[in-house]
Amino acid sequence: MTESQQQKDLRHDEVQSGAATVLGEPSVDVTDERQNSLWSDAWATLKRNPLFWVGGVLGVFFLVMALFPGVMARGADPRDCSLSNSNAKPSADHWFGYDQQGCDYLANVVYGARNSLIIGLLAVSVILVLGVLVGALSGFFGGFIDSLLSRLTDIFYAVPFVLGAIVVLRSGTLGRGVVAVAIALAAFGWMTAMRLVRSQVIAVKSGDYVAAARAMGASNGRILVRHILPNAIAPVLVYTTITIGVLIAAEATLTFLGVGLQRPAISWGLQIDTGQSLLRTAPHLVLFPSLILTLTVMAFIMMGDALRDALDPRQRS
């Protein structure tokens with residue numbers, strides 16, 4: 001189609017939109033129609049995917065565990081300990097047994113979910129803000145801004161994810177609390193989200209509806225927020241869901257290595273670290289937190305995989 005034909009079509013669409021407004025009929029927003037179609041088709045696909053339901057049920061279960069630990073721990077207090085119960089095996093009354101200090105281990109594992117999920121959700125929120133902001137600016141404006149932000153991203157990419165977090169936490173600048181661990185993980189985990197947003201923005205900004213919005217006098221900010229980002233967010237949403245699981249596993253790794261959360265905090269990483277020296281005599285001290293950690297990570301990864309398949313038109317029959 002020639003440029004003159006495109007201009008004629010654009011003017012024709014504007015006339016139709018204006019006529020509809022004059023007649024009292026609401027004009028149709030192409031972006032809204034595209035988004036409604038995308039998400040309705042995705043939901044129809046998700047409903048038929050067993051991975052989504054398994055991951056969703058597990059995710060909700062662990063979220064409830066973090067929000068209401070007292071209920072899930074059957075009323076037990078993780079800090080109510082007696083050395084007479086030290087390393088006692090699981091039983092009908094105490095499903096996960098006791099730890100080395102004689103504390104109810106089910107209560108400890110349940111209360112450990114709260115810190116892990118808070119760190120995962122907080123870190124992924126920071127990753128989203130940084131990734132979307134930097135990626136959108138880089139892809140939309142291009143040129144010098146794109147080159148500058150892309151090189152900045154490459155610098156952070158050059159630092160291994162876990163190693164960078166270890167260096168930050170060992171420096172003691174942020175401390176060793178929940179917020180500090182989340183920030184350390186997010187500081188070296190936002191680059192992939194940035195590149196996803198950047199590539200999607202570059203692909204979307206050349207669309208006809210963006211050109212139409214620009215011709216109608218829309219500002220750069222409105223075009224970016226109203227028309228481009230809604231059509232570029234799907235891959236980032238998939239990445240975010242999977243990344244929550246990755247961040248939870250990374251927090252446990254840092255804590256296990258002694259650079260994450262510190263006692264008296266309750267964490268699956270701390271429990272695994274303590275239990276490794278008692279693996280022969282009390283294997284349940286490693287088994288239960290490791291099992292719950294694995295299921296939590298797997299839940300978010302399964303939901304992310306299902307979401308990716310639902311939002312990818314090539315996966316649909």
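Phe-61 is partly exposed in this predicted model, with a relative accessibility of 39%. Phe-62 is buried, at 2% relative accessibility. The two residues form an aromatic pair. Their ring centres lie 5.4 Å apart, and the planes meet at 70 degrees. The geometry is edge-to-face.

A second pair joins Phe-156 and Trp-190. Here the centres are 5.4 Å apart and the planes stand at 65 degrees. Because an angle over 60 degrees counts as edge-to-face, this pair is edge-to-face. The partners are 34 residues apart and link distant parts of the chain. Phe-156 belongs to helix α6 (residues 143-157), whereas Trp-190 sits in the loop between α8 (178-187) and α9 (191-204). Phe-156 is partly exposed, at 26% relative accessibility. Trp-190 is buried, with a relative accessible area of 5%. The count of aromatic pairs comes to eight. Ring pairs also link Trp-43, Phe-52 and Trp-53 into a cluster.

Helix packing was examined for α5 and α12. Helix α5 spans residues 105-141, and helix α12 spans residues 234-256. Their axes are 8 Å apart and make an angle of about 135 degrees. The two helices are therefore oblique to each other. Their crossing is right-handed. On the α5 side, the contact includes Ser-116, Leu-117, Gly-120, Val-124 and Val-132. On the α12 side, Val-236, Tyr-239, Thr-243, Leu-247 and Glu-251 are among the residues met. By class, the contact has 13 nonpolar, four polar and one charged residues.

Definitions and conventions: Residues are numbered from 1 along each chain as its sequence is written. This is a predicted model: local features need pLDDT of at least 70, side-chain atom pairs count only at pLDDT 80 or more; totals for chains, interfaces and linings use all residues. Side-chain values use heavy atoms; hydrogens and water are left out. Axes are lines fitted to C-alpha atoms, for helices over the stretch in contact, and angles run from 0 to 180 degrees between N-to-C directions. Helices (H or I, at least four residues) and strands (E, at least two) are DSSP runs, numbered from the N terminus. Angles under 35 degrees count as roughly parallel, over 145 as roughly antiparallel, 65 to 115 as roughly perpendicular and the rest as oblique. A crossing is left-handed if the near helix is turned anticlockwise from the far one by less than a right angle, and right-handed if clockwise. Contact means heavy atoms within 4.5 Å. Ala, Val, Leu, Ile, Met, Phe, Trp, Tyr, Cys and Pro count as nonpolar, Asp, Glu, Lys and Arg as charged, and the others, Gly among them, as polar. Rings of Phe, Tyr and Trp (its six-membered ring) pair if their centres lie within 6.5 Å; planes under 30 degrees apart count as stacked, over 60 as edge-to-face and the rest as tilted. Buried means under 20% relative accessible area, exposed over 50%, partly exposed in between (1.4 Å probe, protein chains only).
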